[in-house]
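Q: Take a close look at the empty space enclosed by this model. Then cover the ring contacts and the backbone exceptions.

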Amino acid sequence: MSPLLTVALGTALLGALAGALGPFAVLRKQSLMGDVLSHAALPGICIGFLVAQERSLPALLAGALIAGLIAAGLIQLILRFTRIKPDAAMGIILSTFFALGVVLLSHIQHSGGAAQAGLSSFLFGQAAAMLASDVTLLSALAALVLLILATFWKDLKLVAFDRDYARALGRPVAAMESLLAAVTAIAIVAGLQVVGVVLMVALLIAPAVAARQWVEGLLPMVLLSALLGAGAGVSGALLSSTARGLATGPVIVLVAAGLVLLSILFAPRRGLVWRRA
Amino acid sequence: MTAFFANPDAMILLTGLLVALAAALPGCFLVLRGSSLMTDAISHAIVFGIALTWLATGYISGPIQIAGAAAAGLLTVLLIEALTRTRRLNNDAAMGLVFPTLFAAGVLIINLYARDIHLDTDTVLLGEIAFVWLDTTRIAGMDIPNAVISLTVFAALNLGFILLFWKPLKLAVFDPDFAALQGLRPGLVLGGLFALTSATAVAAFDAVGAILFVAFVIVPPATAYLLTQSLAVMVTLAALIGMGSALAGQQAALALDVSIGGMMALMTGAFFALALVAAPGKGVIATLLRRRNDRLAFACRTLVTHLHSHAAGPRVDEENAITALESHLRWPRRQIRNVVLRALDDGLVRREGAMLVLTEMGAALGRETVASVAPLIPPRPQDQPQPAPPAA
Amino acid sequence: MTTPDAPLHEPHLALHVEDLTVGYGGAPVLLDADIDIPPGVMAAIVGPNGSGKSTFLKSCLGLVRPAAGHIRFFGQPLAQARARVGYVPQRSTVDWDFPTTVIDVVTMGLYGRLGLFRRPGRAEREKALKALADLGMLDYADRQIGQLSGGQQQRVFIARALVQEADLYFLDEPMAGVDATTEAAIIAILQRLRDAGKTVVVVHHDLSTVKRWFDWLIMLNRRVVAQGPVATTYTRDNLRAAYGGQLAVLDPADHGLGP
């Protein structure tokens, strides 16, 4: 598989993953939690690297997921036991975990070694670093997420729409919310290598917001969002490869932001331009 | 003195202390106001301001950059608000879109045009405090690092601002409606706070970068919040804790050979964790103990009220009582025993042989609890509420 | 007053609540409430703001954990009786900009019967359409919920509960902020349910319609002030006890009481 195809395929998968889960985060008003998970992933990635002693994507992703889990748990702890508000709790965990990541990153860089060069690409994303084996892993993750969404679709939809009613109905709300959190974390963590920790949140939100302007119905929204995410991912990756030393993340985010702007202005019925006229 | 300013380690420490001080002061109000994440967003977005200002004017630092940063900060706030007002998306989604977009634009400009100068993406994120002592200006015969100069200015500015506008700030945070009524313009005051914070972020940029700066703005104030109820004490503590983090961070970083700025920011988290667990009154341990005590006390009230209202008389056979409580209140047997023991300890009930007797104090507590849960609107004197009729 | 050995589960009652206490951090929101509702009535729960009405509802549905007490539906705990209990929450609990259609929302009421893995099919669609028709919303089946008026939203929520084919329905302030036509439609549906032998329990905010619409009444003000048939429970004295001095401002005639 040519490097270009690898990159295109890989970023399409990531973009689609983030796009598919974004609607749930946006509709449940939990967009910024995605930001926390992304920043918190950095120390996890570093620890994964230290454990595996090489840039092994499964190890890095596992580290990122575990770090995300701990971060979420700590936020819950802060909320349950203190009067600190949710936004402050998120801000504290976000900046502290990121600082830890910076410290670990500098430690790895000071120890030298060629393998560590790829790590700082997680800050802003570097699609060019993607390997064929990464694409295989990502395909497996995408299939898993697809399976989960398809199987539990109706309850995921209900929990996103009316959580209390779901509880009154006796649905397994806590389990569904944990499931959503888990697959969202997977999508975020998988996308980090291409978009970077700082910008990932935009790839989670933008396709969903854009898609919302065009369709009615959760399934169309998720599908369109996945498509737009994939599109932003691929075009960003290909564009950034045209100039030397351009990080992929910023380009993807600007493409995605452009999609949002277009959608908010011009979408039929919801578009602002039509409303003014 | 000249030697002091020429000493790299001393300058690094001084810079860190100044960042911590300058950041903690506005940070207290921003955190209390619920603007922690907005601060994070602004800190990212000023990168756009820096890149654009540099592109337009060629300056990397100095007052022009600072103005550009303040503008970028305000732009962020305005954009987020404007997007939210379109009602096409939510406020948190707007935040998560605007700041990464501005940040991405800034990074892109740097990537494309600023390759050869001392403005690269890693510095943007993380700063490089180890090199601050290289850029100096000659003042009074000494070479003082620029970062130290600008941060001292901002530390003084921020201190001056919050002292001057203490009352409006305090009201804007705790009671914005009242502040507006008083003509204290809470919106303006908070806007000023955001602008100052953005400008401080630029001053701190070289040292700790955009993102680590946020840690200094948010975390020490949150730590101080756990330790005191007084705003003035909170501000003072936040500054001290921030500066302590800078000191501890530098020492640890030198010992472990890691990023100094990162370690300083990490130390703010360490202090927070300490306060989280151990703070008297608001920390986790204290809260756990207090909640357990509250639950037991509440359970005693419930028990006493129940005995008071339902018992055939004040004397109840203890064993029957416990069985009855189990089926009425649905408490597990063990919990009932705990509560009965606590009630005995508190003198609310006493044992007479095999019987549980409601004491005077217990009966009084029962009456008081019932009365305290009385109508929210006090009845007129001539309409004293009748006792609740027996259940159907 | 019940003695320890009286039968506690009262299967002939639609709702049996005993010693319900709900409190947060030491302050009771609801204290020692004993409430019994016989089947086949249309019951109103009234009381001033903060009197624990919504808390009572939420405790019954398992959304809030009580500090003490127990609740039985037709003699069974909620876990066993869930299929027989329907719920219509306040409209404000939901973001109406959610991308979904009216019939989609109504179908959600059937999820309880479908279990975790089955999808709603044609049979479910038929049931949802029927419920919509009962509420006069059949033409709106494929409409986006964001395009609905307040009254229409309320009808959709009620249709969602109707498809549950429950025996006991809880509604939280269903008449708040709806137009007169919707109000009439809702009351008609609820009365039809009651006439068919179902039990309807409504947290109600408008005293002036209590006597007209309801036949059972529970007055709450953090404790049970009074309960029973409307005719005997809706009295001046009970109203005063529940609403205190506020009643001096209101004309008793507004509340259906004579001079």
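A: The answer starts with the largest pocket and cavity, then turns to rings and loops. The model is predicted, so local features need pLDDT of at least 70 and side-chain atom pairs pLDDT 80 or more, while totals for chains, interfaces and linings use all residues. Residues are numbered from 1 along each chain as its sequence is written, chains are lettered from A and ligands numbered from 1 in the order written, and side-chain values use heavy atoms, without hydrogens or water.

The largest pocket (an open set of points on a 1 Å grid over the protein atoms alone, with protein on both sides within 12 Å along at least five of seven lines) has a volume of about 1100 Å³. Volume is the space filled by probe spheres set on points joined across faces, edges and corners. Of the 35 residues with an atom within 4 Å of a point, which makes them lining, those closest to the pocket centre are R295(B), R65(C), P66(C), A67(C) and A68(C). Two or more lining residues each come from α13 (284–310) and α15 (333–345) of chain B, and from β1 (15–24), α1 (53–60), β4 (68–73) and α2 (78–81) of chain C. These elements are DSSP runs numbered from the N terminus: helices H or I of at least four residues, strands E of at least two. The largest share, 8 residues, belongs to α13(B). By class the pocket lining has 18 nonpolar (Ala, Val, Leu, Ile, Met, Phe, Trp, Tyr, Cys, Pro), 7 charged (Asp, Glu, Lys, Arg) and 10 polar residues (the others, Gly among them).

There are 3 cavities of 30 Å³ or more in the whole structure; in a cavity a 1.4 Å probe fits but cannot get out. The largest cavity has a volume of about 40 Å³. Its lining consists of Y165(A), A168(A) and L169(A) together with L61(C), L78(C), R82(C), V85(C), Y87(C) and Q164(C). Helix α8 (163–169) of chain A and strand β5 (85–88) of chain C each give two or more of these residues, and α8(A) has the largest share, with 3. The cavity lining divides into 7 nonpolar, 1 polar and 1 charged residues.

Y165(A) also has R160(C) over its ring face, at 3.5 Å from the ring centre. The criterion is NZ of Lys or CZ of Arg within 6 Å of the centre and within 35 degrees of the ring normal. K154(A) lies over the face of Y111(C), at 5.7 Å from the ring centre.

Over all chains, 8 aromatic pairs are found (Phe, Tyr or six-membered Trp ring centres within 6.5 Å; stacked under 30 degrees between planes, edge-to-face over 60, otherwise tilted). F24(A) and W153(A) are edge-to-face, at 6.1 Å centre to centre and 80° between the planes. F24(A) sits in α1 (residues 3–27) and W153(A) in α7 (residues 153–161) of chain A, 129 residues apart. F124(A) and F103(B) are stacked, at 5.8 Å centre to centre with 20° between the planes. This pair joins two chains, because F124(A) lies in α5 (residues 121–124) of chain A and F103(B) in α5 (residues 91–113) of chain B.

Two residues other than glycine have a positive phi: Q53(A), at about 60°, and D257(B), near 60°. Q53(A) is in the loop between α2 (31–52) and α3 of chain A. D257(B) is in the loop between α11 (231–256) and α12 (260–278) of chain B.
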